[in-house]
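Colleague: Please show the model, and let us then discuss its interior and one of its helices.

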Amino acid sequence: MAKQAAVGWGHHHLQNRWLLALLLMLSVSTVIAFFMRAAFDSCDRNVSAAVDGIASARHVIQAAEKRAPQIAAAKPSPLSFMKSKVVLLVSHELSLSGGPLLLMELAFLLRSVGAEVYWMTITKASETDEVTYSLEHKMLDRGVQVSPARGKEALDTALRADLVVLNTAVAGKWLDVVLKEDVHRVLPKVLWWIHEMRGHYFKLDYVKHLPFVAGAMIDSHVTAEYWKNRTQERLKIKMPDTYVVHLGNSKELMQVAEDSVAKRVLREHVRESLGVLNEDLLFALINSVSRGKGQDLFLRSFYEALQLIKEKKMQVPPLHAVIVGSDMSAQTKFEMEIRDYVLQKRIQDRVHFVNKTLTVAPYLAAIDVLVQNSQARGECFGRITIEAMAFQLPVLGTAAGGTTEIVVNGTTGVLHPVGKAGVTPLAKNIVKLATHVERRLTMGKRGYERVKERFLEPHMAERIAGVLKEVLRKSKIKSAQPFRIPTHFCCTSLTQHQQFMLAFSVKVKYLNPFLWTALIRGYCVQGLVRESIFVYNSMRKENNLPVPFTFSALSKASSTVLDVNLGRQIHAQAILIGGDMVAWTAMVAGYAQNAKPREALELFKRMQNEGVKAAEIAANHLFELEPNAIGNYILLSNIYASVGAVELCFNGKEADERERSEKKSRMLLVGRLSFRSYLPET
């Protein structure tokens, strides 16, 4: 019995009971000290639990924090080059979820080397929110300056900063809302730290500036590849230079994980509270309860494992499943479903639900195996995995996401497929680890060795330092290069076109109709009609009214692709906005190049009836579009020749005046042809 074991141990060491009490206090308080660490998945957390505090241990926490700089001083920090640098950290929220906590860790690392760090929260809870209040004061105590995320102060800080770290994809809207026309001045020094793996984050409103920042930092190679492919396929934009930075365990957590006495005390305490024996085997899933984290499939696997053991009459200690991350106060449908499943299968004495908490060290000390069962694309990293490995626990994880970069299959744990296909394999893996004690312990030791090799805080600091150096170098280069609109550009794909449009809208402070028209004309010259129409629509959305030359360019697009319907739409737009003359010319050109001479001639007659000097206007606009195109001269020459039939309807002086006018226009046309070295055949 766990209770008996505790009494027996205390009997042999009665004289050291006061030391044990102090050790227990230190262990629990140390856990609280690193509550800032992310216990759950760094991608997608919705944790709102308060931190369990012990007032009597506050002085121990403060002493541990004071010791941290002394320990760090023993070896120069790889981030020492950030001393005196001004760094702005922008978070979409301030909560006990993974993204904000990771950013706070970066804030403390930068402060430890003397950087000037500012923190801004885009969406804040109420002023009376205890979590927000606690976290803000935690930062203030460490020298991080908490500033408003909007207004002149926010803009001035962003412009003054040497580096801006934008945290999570949803923080992208802050760039437009706060920086507005100055966004192009800040983008070259933005490092975008992305943790999301869910499809609903891929919205252009969120990440339209992503191609133009100094770099993106992502927690795993799998996630980085996913973002690269997804942004290209769905949004038609290109990722910036992307850096993969694996996370690391804090020194505080490692101190607990490597303290055998502290672990034994925590193990006995937790197991006693759960009502399980010291020799029982505990398989735990530590994550917020949601369908994406796979608690339902884990319980099905656990039940199947119990059935296998029963059918084969295996001699193993009692198995228990522990779900850490419950929240009955939320009354979610999913949690009610999995609790009902436990009752239906009558395994309530083998399944234990624990309220969500960030003080995970006691549970890591108490269990025997961690189950990481995140579904779909898996975890973008999954920090609880490396924390469990620090406690020498084998990991049964899904073969997806960042888990595949942490767990060495068959060495530090065993992987299984996601979805229903993984239920039976996970059940068999549970049985294997339950029946092979030596294998379970060996995997745990190898996992611990892997953590020591690559998943410690110094490792993470080294990786982040490399990224920051590169980003600062690039930001200096980009800031020194003024943006120039190319006089003649060619986009060979819609992806390149959208990237250019984004850069154009970001870099050019004041967009006017002539700049928009220059873009439209550039696409028309290259025969990229779809792109030219896209630019025109963008122009109208930005409330820029077209100028006559805008419709001249669009008319060329419609006539080039022989699209009469498109030409009619352009004509209607021109009439609505007031570009009558250009609209007439566009329609004449469109009909003529679509092999509809009768329609062109009829429209030409209507132009004359409206009092428009057709030939001269058409010539001017078409020559403006393509002064070297022989087709335009031939087109106008044919129309002038056709007008001869119309002149038969006129009599007397009126006919003579029109004839003289047309002769003059024809002479001007011949003159232009000669100037361009186009000599008509005689």
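The exchange below takes up the core and then a helix.

Modeller: This is a predicted model, in which local features need pLDDT of at least 70, side-chain atom pairs count only at pLDDT 80 or more, and totals for chains, interfaces and linings use all residues. Residues are numbered from 1 along each chain as its sequence is written, and side-chain values use heavy atoms, with hydrogens and water left out.

Colleague: Which helix gives the most to the largest nonpolar core?

Modeller: A nonpolar core is a set of buried (under 20% relative accessible area, 1.4 Å probe, protein chains only) Ala, Val, Leu, Ile, Met, Phe, Trp, Tyr and Cys residues joined through side-chain atoms within 4.5 Å. The largest has 79 residues, and Met82 and Phe391 are among those with the most contacts inside it. Nine residues come from the helix that gives the most, α4 (residues 98-112).

Colleague: Is Thr157 buried or exposed?

Modeller: Thr157 belongs to helix α6 (residues 152-160), helices being DSSP runs of H or I with at least four residues, numbered from the N terminus. A polar atom of the Thr157 side chain lies 2.8 Å from the backbone oxygen of Glu153. With a relative accessible area of 6%, Thr157 is buried.

Colleague: Within what arc do the buried residues of α19 fall?

Modeller: In α19 (residues 437-454), the buried residues include Arg440, Gly444 and Val451, whereas Glu438 and Glu453, on the other side, are exposed (over 50% relative accessible area). The buried residues line one face of the helix, because the arc, taken from the directions from the helix axis to the C-beta atoms, is within 160 degrees.

Key
Helices (H or I, at least four residues) and strands (E, at least two) are DSSP runs, numbered from the N terminus. A polar contact is a pair of N or O atoms within 3.5 Å; within protein, one must be able to donate a hydrogen and the other to accept it, and residues adjacent in sequence count only if both atoms are side-chain atoms. The expected span of a helix is 1.5 Å times one less than its number of residues.
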